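Good morning, and thank you for coming. Please keep the sequence and the structure in view while I speak.

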Amino acid sequence: MMHSIRHIKHLNKLSEHLTKVHLSWISLSRSFFMKSDPPTTEKTGPTSTTTTSTSNKKVDVAKSQNLKERPPVPAVKENEHLVGRDFLSLKNFSADDIKQFLWTAKDLKTRMKDNGEIFQPLKGKTAALIFQKRSTRTRLSTELGIAKLGGHACFLGPDDIHLGVNESVKDTSRVLAGMADVILARVYDHENILDMANEANIPVINGLSDLLHPLQILADFMTLQEYFNYVRGVKIAWIGDGNNILHSLMYGCAKLGIDLNIATPAGYEPNPEITTEAMNIAGKSGASFNIGHDPVKAAYRADAIITDTWVSMGQEEEKQKRLKDFSGFQINRKMLKEAGGSWVFLHCLPRKQEEVTDDIFYGEESLVWAEAENRMWTVMAVMLHQLMPYTPTIPMPKYVRG
């Protein structure tokens, strides 16, 4: 569709150019045969200049009059700087880049869900999905998302590929890069994601690692923007484990200037290095960060309450200790009595009852189902930008309050 639109525009410009050249020839002919009339010099400004495309050279009416030809103007492709880039951490992207991903996600949702448009710009493209850790939302969102865009995904689970065991990460990455157009990996060790990105000459997406989960935060920000009509100005409270999702949330809030309160049990604080980096970024964007151990204090005047599972995959042996350590961190209405007047609740799922009470999880304040759906639209936006320049068709949503 995009190529068809460009082709139509090219034909229109070519037709306009031929018409102007024809009129210019008539004017010159008149001047030759009617010597009493002075020759007409046509303007060489924007209204008399047109560009034809196949040679990427500037051709204008001035050239037909043997005037000096203007230098060619290079074509500028919107968001071309995102093409081919790895999506490993929100730290690596500017605030404008993050907004671009969110804008494109909303654009795709509007075009394909709301308007029922079939839009398949990634026809013929393939994604290799490596999953050391199982997941409902990450797998479905990626497989269905690239299919909606016209591409195809190949899933490689723990029984299909033993990353770094039977074959090195380096060798696996190079094999996949020779066959697929993009790699999404959901792994335990963050170093595996970094090694893939270093070895593969195609874009790599961090579908989750033990350190970061940037895709989840794009979905969270998109969900908050849809509800509040902005994200900067929403006060977020994270109550729970200082884990990979919190790390990515810290980077995202710092980049976009979003205030963030954090409460974790003692001994479960976020990574110190990431905390330092995020707070340095927050100092430049104007975001306020408060980190402590009191969930009631963190929830004070908060607009969005976010938590996650207390026992992640691979931490099963720690379950009993963690349940004891997280006592008093269940999200309930008593805890949130001092929260903002119209607070909402987010959880990346799957959820356990000890983490949040049913009346909140299934209540009117819960946005978890929209949050889960937006995992698809946001990963679609990431893949689309990695594989081609793209400009949304809808106006940019509002991201700053006021």
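Let us begin at D97, which in this predicted model belongs to helix α3, residues 95-114. Is D97 buried or exposed? Its relative accessibility is 8%, and a residue under 20% is called buried, so D97 counts as buried. Which residue does the side chain of D97 meet in a polar contact? The partner is the side chain of H81, at 2.7 Å. If we set aside the neighbours within four places in sequence, the residues in contact with D97 are H81, L82 and R85.

I now turn to the strands, with β6, residues 260-263, as our centre. Strand β6 is covered on both faces. On one side L260 and I262 are buried, and on the other side N261 and A263 are buried.

Which strands pair with β6? One is β5, residues 236-239, which pairs with β6 in the parallel sense over 4 bridges. Within this pairing, I239 has A263 of β6 as its bridge partner. Another is β7, residues 289-292, which runs parallel to β6 and is joined to it by 4 bridges. Here N261 has N290 of β7 as its bridge partner.

Helices take part in this arrangement too. Helix α8, residues 244-256, forms a right-handed β-α-β unit together with β5 and β6. Helix α9, residues 272-285, likewise forms a right-handed β-α-β unit, in this case with β6 and β7.

My next topic is the aromatic rings. How many aromatic pairs does the structure hold? There are 13 aromatic pairs, and I shall present two examples. In the pair F131 and F155, the ring centres are 5.1 Å apart and the planes stand at 55°, so the pair is tilted. This pair links distant parts of the chain: F131 is in strand β1, residues 126-131, and F155 is in strand β2, residues 152-156, 24 residues apart. F131 counts as buried, because its relative accessibility is 1%. F155, with a relative accessible area of 23%, is partly exposed.

The second example is W310 with F326. This aromatic pair is stacked, with 5.2 Å from centre to centre and 20° between the planes. Why does the pair tie together separate parts of the sequence? W310 lies in the loop between β8 (304-307) and α11 (319-325), whereas F326 lies in the loop between α11 and β9 (344-347), so the pair connects parts that are 16 residues apart in sequence. W310 has a relative accessibility of 3% and therefore counts as buried. F326 counts as buried as well, at 0%. W310 and F326 also belong to one aromatic cluster with Y268 and F329.

Rings may also have a charged group over them. The charged end of R111 sits over the ring of F119, 3.9 Å from the ring's centre. R351 lies over the face of F361, and there the distance to the ring centre is 4.5 Å.

Let me close with the protein as a whole. Its secondary structure comes to 13 helices and 9 strands. The protein has 402 residues, of which 50% count as buried. Finally, among the contacts with a separation of 6 or more, 73% are between residues 24 or more positions apart.

Technical notes. Residues are numbered from 1 along each chain as its sequence is written. This is a predicted model: local features need pLDDT of at least 70, side-chain atom pairs count only at pLDDT 80 or more; totals for chains, interfaces and linings use all residues. Side-chain values use heavy atoms; hydrogens and water are left out. Helices (H or I, at least four residues) and strands (E, at least two) are DSSP runs, numbered from the N terminus. Buried means under 20% relative accessible area, exposed over 50%, partly exposed in between (1.4 Å probe, protein chains only). A polar contact is a pair of N or O atoms within 3.5 Å; within protein, one must be able to donate a hydrogen and the other to accept it, and residues adjacent in sequence count only if both atoms are side-chain atoms. Contact means heavy atoms within 4.5 Å. Two strands pair if DSSP finds at least two bridges between them. A crossover is right-handed if, with the strands pointing away from the viewer, the path from the first strand over the helix to the second runs clockwise. Rings of Phe, Tyr and Trp (its six-membered ring) pair if their centres lie within 6.5 Å; planes under 30 degrees apart count as stacked, over 60 as edge-to-face and the rest as tilted. A charge sits over a ring if NZ of Lys or CZ of Arg is within 6 Å of the ring centre and within 35 degrees of the ring normal.
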